[in-house]
Amino acid sequence: MEQLKTIGRELAMGSQGGFGQSKEFLDLVKSIGEARSKAEEDRIVLSEIDILKRKLLEPDIPKRKMKEYIIRLVYIEMLGHDASFGYIHAVKMTHDDNLLLKRTGYLAVTLFLNEDHDLIILIVNTIQKDLRSDNYLVVCAALNAICRLINEETIPAVLPQVVDLLNHQKEAVRKKAIMALHRFHRKSPSSVSHLISNFRKRLCDNDPGVMGATLCPLFDLISEDVASYKDLVSSFVSILKQVTERRLPKSYDYHQMPAPFIQIKLLKIMALLGSGDKSASEIMYMVLGDLFRKCDSSTNIGNAILYECIRCISCIIPSPKLLEAAADAISKFLKSDSHNLKYMGIDGLGRLIKISPDIAEQHQLAVIDCLEDPDDTLKRKTFELLYKMTKSSNVEVIVDRMIDYMISINDNHYKTEIASRCVELAEQFAPSNQWFIQIMNKVFEHAGDLVNIKVAHNLMRLIAEGFGEDDDDADSKLRLSAVESYLQIISEPKLPSLFLQVISWVLGEYGTADGKYSASYISGKLCDVADAYSSDETVKGYAVSALMKIYAFEIASGRKVDVLPECQSLIEELLASHSTDLQQRAYELQALLALDARAVESILPLDASCEDIEVDKDLSFLNGYIQQAIESGAQPYISERERSGMLETTDYHSQDHHEVPPHALRFEAYERPKPSSVPTQASTELVPVPEPSYYSEAHQPISTSSVSERESSEIKLRLDGVKQKWGRPSYQSSTSASSTPPQAENGTSSHPDVGVGSSSLKPRSSYESKKPEIDPEKQRLAASLFGGSSSSRSDRKSSSGGHKPAKGTASKPPKENPIPVQPPPDLLDFGEPTATSVTATDPFKELEGLMDSSSQDGGSTDVMGLYSDAAPVTTTTSVDSLLSELSDSSKGNPGTYQSQTSKGPNSKEALEKDALVRQMGVNPTSQNPTLFKDLLG
Amino acid sequence: MIKAVMMMNTQGKPRLAKFYDFFTVEKQQELIRGVFSVLCSRPENISNFLEIDSLFGPDSWLVYKHYATLYFVLVFDGSENELAMLDLIQVLVETLDKCFSNVCELDIVFNYSKMHTVLDEIVFGGQVLETSSTEVMKAVEDISKLEAASNAVSLVPKSVSRWRGR
């Protein structure tokens, strides 16, 4: 029957030509509709393009035929094929006097062209003419085209006509003229800034359609500049009141709601105006309250208005009564069976939670249901809500959930986002370092290629610096746990590059530190990594550096080093590598193996990755040498800036200039002979001395010393950053816990591990009505999410304490009190404001120095700067000869004298690391370096 | 602001696509395909909203509705109300229903330019212009009448088309 109907319809259209369409077009549509494959469709379209190209070249095409062709072109382009050969015909058609043809022409050009297309210039004139037409439909068509085709340069050409049209007798024209002006305002606010008052005027238009249209530009204007529209608050409120009282024509009703779209727009505007403004908000209370009462929540559009009211209330300064009404509306949404409404409820909850944080508690089970829901959109929204309500008491559950979800999805875009959120929450609220490292491992393992490289650097830094206090024992435990977890993970196939870098670095730095693992075991693992990921140079570089460190520590501790055969072959392979970086590392490693223990120890001291390197920027150790040279008649160094402002840009750091006479103009004749050398002045003469001569020596050091001054202060900055803390330590006293001590053990044993939260929970739809039957698992999850109640907190605490020692990672603070756990039934008393019990030691204090991600970034660039500054020194032969007496092994290893000249012990390696960081930062293969910028900055 | 309106059938063939920001033809196809692949992987009876940042850039939302063989899709930014957008689709469909009496996919396929006319009356330059389907119908009928009149002058009058009889 249905088929018959469609056949009949087709026949009817075939013969009558539908909206003036010919048989050919219908045939085209039909054959494309019947195409079985994309290839077949393409073939049909390509032959159609051929036909059209041929036909369009024919002379004297009848207009009706031409219109037909143009419609076919539009259709072809919608299917994704290029129809640009026919654009010019569409442009021509806009010139036609026939309304039908003109409209077709306009339709085609608005779909074909963008505002910067070359052909636009041919249309502007037509548009100008059409805007003045007597036929309002022609005017409408032109206004339609304006929105799409007019750019900043052509706005002035049509602006006067459009402004005139604001007073057109037809409301359809007024409406579109306002929209066109709005579009101009969006494109180029300055071009219409003098016309903004027109929008206010049109708000009083007696046609509700025009008034409604005016709300669109006003919304934009108000969101840009709230202050100058405060006077309209009462007007908007009274309009909304009139609308809700059904003063508008019946034709604006939609599903028995009076003009709902206008109401929504008004509510949006009110939200803007009432934000942070008590008096404006108070004007709105009445009408908002009415809306909550009147809104029909059985229709979709009624709920749309309710939702908009909630949004409005979350923006303005609400009265407690309105908040209550909003909370009621939200709970209705959440209890609904419709996923759309649940989504709205979760969204509303996320908005209101900022104002009244306890609102989420009564809906916790609904939220958890949404978390288990098969609907992805709803799930994501719920995660967003959880993200907003994360605090230190529930971070473990939430982040665990997020990671489970992250692992389950394939969408890289969202995976990146949720990974960055995990990292952010973990950094902000982490209860312990172990936990933080575990979370980071998971994030790296499953989304490693999507994570910002800074996150990896933070993690390495955390492991290296540990608690940042004197607690060395805890530090080494932390490292051991990291090493153990990495040794477990390392043999898994296909780990992300970034994660391998972290693993290699940590294994190199701490793999053998506590003697649990032998050097050959670790180095074997590292060789495996280098082998397995032989195409990834960065990973290989990290692995080789790690090997070097392992061997260095072995040599330094006086043990005999047996280089594994696979390691030897790896080194040999890399000696011939095409990558200079890998080659260099391999040579360095080879050279290091030949050194004695004393030299090695100064090259790569144990656990010194976080020591600061002090580079002697003034090169004061050269003073004696310079003195000597000057006394024996050498030219003193003249900095480049002093020599000539226009000299070619050679590196002014290169110190051998004082030996090579500058090849620009020479000014010695005017110089007073000064016995003291350049660098000695550097530290004393910071203030430029006003001297008549531009070229006097007094100016020389200023450039260098000011640079060094700046950089040394940056180093200082970095040190300060180390003292940063974790997020706010929102722990409370554990007094309440003492009330129920005897049940503690029972509670713990019978309810294992809520904290991990990975246990699957059965999805349930009814939670409120059948309270006693609620799955206890879910209750506990709810409790730990919405927590604050002592039972959930302590339950989780002790359970986490239970599983940590099993992994050998536990470093429970010694002062921890036995935390009593309340019996399960208490879990239902979520609302009860019992104090959260937390371990007596402050975990946040111990984590000092962990969170200084920003300072570390600053730090790495610092060191890079130092490195580039210092680089010429190491390569200058004169310096080399000077230093040759320092160590007889220096020739073999370029890093040795570097570490001795500078006071910081481990400079070479840290420099190398930072060079690598720099390399990777610049490296185009690094994953989206800017993606996390705002999240992790 | 509304970024795009799309109609496509359940096989992913675009039936109507209108973008309110300029995209190249290739990009348009990519977006249509991307939207379709997201839509067809969604089960029945779940929410009609989607966050679609990955295709349309940050702050992009999508509302869709599935009617018989057609998906109606609206893409918009954060300044619109999701539920209201869902109802805007309803307005569009109700209007089309009045236009074609019991609208089906074929009506949309064969009345390509009329579809655009209807849509232009509802959404104008990315903003919701008119939401009363009777008003839209009035405007569309005015246009059809005038077009018919001008048509009659310049072209050989054809038999009155079906929709005009209503």
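The legends below accompany close-up views of a predicted model.

**Figure 1. Overall make-up of chain B in the predicted model.** Chain B contains 6 helices and 7 strands, and these elements follow one another along the sequence in the pattern β-β-α-β-α-β-β-α-α-α-β-β-α. Of the 166 residues in chain B, 67% are buried. The accessible surface of the chain comes to about 5,700 Å², and carbon and sulfur atoms account for 55% of that surface. When contacts in chain B between residues at least 6 apart in sequence are considered, 51% of them join residues at least 24 apart.

**Figure 2. Strand E1 of chain B and its two strand partners, E5(B) and E2(B).** Strand E1(B), which covers residues 2-9, is mostly covered, with 8 of its 8 residues buried. The strand is joined by 7 bridges to E5(B), residues 70-76, and the two run antiparallel; within this pairing, Asn9(B) stands opposite Leu70(B). E1(B) also pairs with E2(B), residues 14-19, in the antiparallel sense and over 5 bridges, and here Met7(B) is found opposite Leu16(B). The hairpin of E1(B) and E2(B) has 4 residues between the strands, and in that hairpin Gly12(B) takes a positive phi near 90°.

**Figure 3. A nonpolar surface patch on chain A that includes Leu122(A).** The patch is formed by Ile88(A), Ile121(A) and Leu122(A), which together present about 270 Å² of accessible area. Leu122(A) belongs to helix H7(A), residues 120-131, and counts as partly exposed because its relative accessibility is 41%.

**Figure 4. The surroundings of Thr94(A) in helix H5 of chain A.** Helix H5(A) spans residues 87-94 and holds Thr94(A), a buried residue whose relative accessible area is 0%. Which residues touch Thr94(A), leaving aside its neighbours within four places in sequence? The contacts of Thr94(A) are with Lys102(A), Gly105(A), Tyr106(A), Val109(A), Thr126(A) and Asp130(A).

**Figure 5. The buried residues of helix H9 of chain A and the helices they pack against.** In H9(A), residues 155-165, the buried residues are Ile155(A), Val158(A), Leu159(A), Gln161(A), Val162(A) and Leu165(A). An α-helix has 3.6 residues a turn, so residues three or four places apart point the same way. The buried residues of H9(A) pack against H7, H8 (136-149) and H10 (171-187) of chain A.

**Figure 6. Two salt bridges that involve helix H10 of chain A.** Lys187(A) forms a salt bridge with Glu115(A), and the closest N and O atoms of this pair are 2.8 Å apart. Lys187(A) lies in helix H10(A) and Glu115(A) in the loop between H6 (99-112) and H7 of chain A, so the pair ties together parts that are 72 residues apart in sequence. Lys187(A) is partly exposed, with a relative accessible area of 24%, and Glu115(A) is likewise partly exposed, with a value of 22%. In the other pair, Arg174(A) forms a salt bridge with Asp205(A), with the closest N and O atoms 2.9 Å apart. Arg174(A) lies in H10(A), whereas Asp205(A) is in the loop between H11 (196-202) and H12 (208-224) of chain A, so this pair ties together parts that are 31 residues apart in sequence. Both Arg174(A) and Asp205(A) are buried.

**Figure 7. A salt bridge within helix H18 of chain A.** Asp347(A) forms a salt bridge with Arg351(A), the closest N and O atoms being 2.8 Å apart. The two residues are separated by about one helical turn, because they are 4 residues apart in H18(A), residues 339-352. Asp347(A) is buried, with a relative accessible area of 6%, whereas Arg351(A) is partly exposed, with a relative accessible area of 24%.

**Figure 8. A network of salt bridges with residues from chains A and B.** Lys268(A), Glu308(A), Arg311(A) and Glu82(B) are linked in this network. Over all chains, the structure holds 36 salt bridges.

**Figure 9. Helix H25 of chain A, residues 472-489.** At 1.5 Å a residue, the 18 residues of H25(A) should span 26 Å, and this agrees with the end C-alpha atoms, which are 26 Å apart. The helix is mostly covered, with 13 of its 18 residues buried.

Methods: Residues numbered from 1 in each chain as written. Chains lettered and ligands numbered in written order. Predicted model: local features only at pLDDT ≥ 70, side-chain atom pairs only at ≥ 80, totals over all residues. Heavy atoms only, no water. Buried < 20%, exposed > 50% of the residue type's maximum accessible area, 1.4 Å probe, protein only. Pairing = 2+ DSSP bridges. Patch = residues over 30% accessible without salt bridge, like charges linked within 9 Å, V, L, I, M, F, W, Y side chains within 5 Å. Areas by Shrake-Rupley, 256 points an atom, 1.4 Å probe, with all protein chains shown as cover. Salt bridge = Lys/Arg side-chain N within 4 Å of Asp/Glu carboxyl O. Expected span 1.5 Å × (residues − 1). Contact = heavy atoms within 4.5 Å.
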